[in-house]
Structures are given as C-alpha cells and as structure tokens.
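Subject: A structure for you to explore

Hello,

Here is the structure I promised to pass on to you. Have a look around first, and then read on for what turned up in it.

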Amino acid sequence: MRLAVWPILAGIALGVIAPLLVSLGNPGNMGVCAACFTRDIAGGLNLHQAAVVQYIRPEVIGLVIGALVASFAFGEFRPRAGSAPVVRFMLGVFAMIGALVFLGCPWRMWLRFSAGDFTSIAGIFGLVCGILIGIFFLKRGFSLGRSYATSKIVGFIFPLFMVGLFGLLIWGLLDVEAPIKFSQKGPASQHAPLIISLVAGLFLGAIFQKSRFCMIAAVRDSVLLKDTHILQGVIALVIAAFLTNLALGYFNPGFSGQPIAHNDWVWNFLGMLLSGFAFSLAGGCPGRQLVLSGEGDSDAGVFVFGLLMGAAFAHNFGLASSPAGIGVNAPIAVFVGIVFCLLVAIFARERR
C-alpha cells in the first residue's frame, strides 16, 4: 500500500495541535471541532441564547483563510457555485443538529476516542452507517447537480465573511457595549489565546486544503474506489492524538465523567448517523466544507451557513445535548432529518 504523505501529515497535525490547544485553554477533548466551534460562533452572533456556548472561534476563521491562501499558492482557487443551494443549506442544518445530539463533528469524534472517551464509539458506528447509506444512493445515481465556474468575487464572498467575523470578534473584545456575546462560563468560555488559535487554524486550513483531508472521503473513497489515502490520514490522526493526549496526561479511558459528552448510546449512534448521511449527500464533513469554502466553493459556503442556522435551531428549540443527556426535542428533529435526507437521496438523481 502506497503511503499518502499529505493526508498523513494532515492527520498528524490535527492529532497534535488539538490536544495542545486544550492544554492552552480550549475545552477538554475539543481542541478543534468544526461543528462545536461553528455553534459557538452562532452564539457569539446572537443567533441563539445558550449562554455557555457563545464565542467567535478564531480557529474556524483561520481554517477558511488558511485554505484560501493555500489554494492560491497551489493554483487551486477555483470559484464555483450553483449546485442545489437550498438543499445544501438544509443538509447543513440537519448535519449540525445530528452533530449536536452527539456533541461533536467527525474530527471531535476521533479526538474524543483517542483521549479514551469510549462514549464516542457509538458515534463512530453511526457515522460509518450514515456514510454507507449515502454511498448506497451515490451508486444509484444520486446527485445534487453540477457546480459551475463563476467570477472571482463570488469565490471571495465567504472568506470575506470570515474576515468580517474576525472584525466583530476584535470589536467585541475592545468594546463591552458591542452586540457580540462572550460566554462567561461553560465550554465557550474556555479558549486558547486568540493569536495562537488563529495561527493554528491558518496552518490546519492550509494543510487540509493541500491534503483533501475529509472524514467522509476516508470511508467513501475506501468503499467506492478502493482508495485508502485519506483513510491513512484518519489513522494517523488517531495515533497522533492518542500519543499527544498520553504525553499531556489527558488520556482518561472510560464511559463516564468524559468532558462535554453523554453516554446515551442510541442517540450518539443516531445523531452521527444523521450527520454522516447529510455529510455524504453534501460531499464532505464540516471541516472539509469550511476548507472548500475557502478555495472558492460557494456551495460549500451555503452548507456552512446551514450549519450556523442548524446550531441556532438546536439551541433555540431544545435539540442540542449536554453532559446530562439529549435535548427534549432531539428525537423528533433526528427523525425529521433522516426522513429529509432519504427524500433528497431518493429523488435527487443525475439527469443524463
């Protein structure tokens, strides 16, 4: 088997940087989480009022801008748009709801596992099942249609939105009267220094852009194409994160007392099944969608806006989980999300 250098380097980078960010202030087993950090941004923008998860995370801003810079450096900035934007937006909404039922994106799922949080095991099986369902429909002609090349200004819009978020973050830090929310307790009150978080995001965004690192592609390409190069990166992530957590004293194996996690196996499984299904139909995990939006893919940007709205719905309507368990309305939302994904998968077919 040929070694996939860039995906392996990307996996090692995430596996080392995420626990280091925890040591510098980020929440436990959440050094980098595309879903949770997007949720925090939604709170920082007042899209929801959950006081413990409100902070404009510099890591997410860095991921997009780092991908933008790398795409220019490697000649891969290709502005494109036009592939089922409303469907992609709704897939983002339901993908986020599923992730917040589980409490983490696929990145955090593996980070939790590598730190000994065995409540993540149900999520791993759920994610893989969701991806396999997506592959089933991909093999039978599912498609959201083609995206088309467009002007450079269209490709710059989402990165400019991230620059605007950074400006809002600085405004909020400098002016207590600014309409930007900052958690005073809870997970979003825990964060590494701003500059370190931003630089970490920039670096990860650049290496993820070059490597095409994606949790969904790791399974999809292995099954459909018998190509394991992205899967090698995921394995490298787990090994690197395990060793780094072990070195930092964060490895704590067990099913109880894990940071920002619950032990409801059924809903950990179903939450990530919904997310995996939605990610597969949309073409990538949330981290990959952020990177794609940085290299000019407006369809990915629409999906990320869906993630923001999904976070708002999750916390405004009692869908998000907490260490105490799932939200009161979570089962209904997960069921509706799975039905929505099934309808899209069945009826969105490529026209030949």
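Let me begin at the surface. I332, F335, V336, V339, L342, L343, I346 and F347 form a nonpolar patch there, and together they have about 770 Å² of accessible area. Please keep in mind that this is a predicted model. To find your way to the patch, you could start from V336, which lies in helix 14, residues 330–347. How exposed is V336? Its relative accessible area is 40%, so V336 counts as partly exposed; the cut-offs are under 20% for buried and over 50% for exposed.

Just before that helix there is another residue to look at. V328 sits in the loop between helix 13 and helix 14. With a relative accessible area of 70%, V328 is exposed. Its C-alpha atom is 5.7 Å from that of G318, although the two residues are ten apart along the chain.

Now for the pocket. The largest pocket in the model has a volume of about 400 Å³. Its lining is made up of 21 residues, and the closest to the centre are R88, A282, G283, L292 and D297. Which helices each supply at least two residues of this lining? They are helix 9 (215–224), helix 11 (265–282), helix 12 (286–294) and helix 13 (298–316). Helix 11 gives the largest share, with three residues. Sorted by class, the lining holds eight nonpolar, seven polar and six charged residues.

One of the residues closest to the pocket centre, D297, also takes part in a salt bridge, which brings me to the charged pairs. How many salt bridges does a search of the whole structure find? The search finds seven, and a few of them are worth following one by one.

Start with R80. Its side chain meets that of E295 in a salt bridge, with 3.1 Å from N to O. R80 belongs to strand 1, while E295 is in the loop between helix 12 and helix 13, so this pair ties together parts that are 215 residues apart in sequence. Are R80 and E295 buried or exposed? Both are buried.

R80 has a second partner. The side chains of D297 and R80 also meet in a salt bridge, this time with 3.6 Å from N to O. D297 lies in the loop between helix 12 and helix 13 and R80 in strand 1, so here the parts tied together are 217 residues apart in sequence. D297 has a relative accessible area of 11%, so it is buried. For R80 the value is 14%, and R80 therefore counts as buried too.

Another salt bridge joins D221 and R220, whose closest N and O atoms are 3.3 Å apart. Here the two partners fall on either side of a cut-off: buried means under 20% relative accessible area. D221, at 11%, counts as buried, whereas R220, at 21%, is partly exposed. You can also look for R39, D40 and R57, which are linked in a network of salt bridges.

Next, two residues with backbone angles to check. R212 is not a glycine, yet it has a positive phi of about 60 degrees. You will find R212 in the loop between helix 8 (194–211) and helix 9, and it is partly exposed, with a relative accessible area of 29%. I260 also has a positive phi, near 50 degrees, and is likewise a residue other than glycine. I260 is in the loop between helix 10 (229–248) and helix 11. Where R212 is partly exposed, I260 is buried, with a relative accessible area of 18%.

Last, try A84. Where does A84 lie? Its place is in the loop between strand 1 (80–81) and helix 4 (85–102). A84 is partly exposed, with a relative accessible area of 23%. Its C-alpha atom and that of R349 are separated by 12 Å, while along the chain the two residues are 265 apart.

If you would like a place to start, colour R80, E295 and D297 and find the two salt bridges, R80 with E295 and R80 with D297.

Enjoy exploring!

Note on methods
Residues numbered from 1 in each chain as written. Predicted model: local features only at pLDDT ≥ 70, side-chain atom pairs only at ≥ 80, totals over all residues. Heavy atoms only, no water. Patch = residues over 30% accessible without salt bridge, like charges linked within 9 Å, V, L, I, M, F, W, Y side chains within 5 Å. Areas by Shrake-Rupley, 256 points an atom, 1.4 Å probe, with all protein chains shown as cover. Salt bridge = Lys/Arg side-chain N within 4 Å of Asp/Glu carboxyl O. Helix = DSSP H or I, 4+ residues; strand = E, 2+ residues; numbered from the N terminus. Buried < 20%, exposed > 50% of the residue type's maximum accessible area, 1.4 Å probe, protein only. 1 Å grid on protein atoms, 1.4 Å probe; cavity = no way out; pocket = protein on both sides within 12 Å on 5 of 7 lines; lining within 4 Å. Points joined across faces, edges and corners; volume = space filled by probe spheres on them. Nonpolar A, V, L, I, M, F, W, Y, C, P; charged D, E, K, R; others polar.
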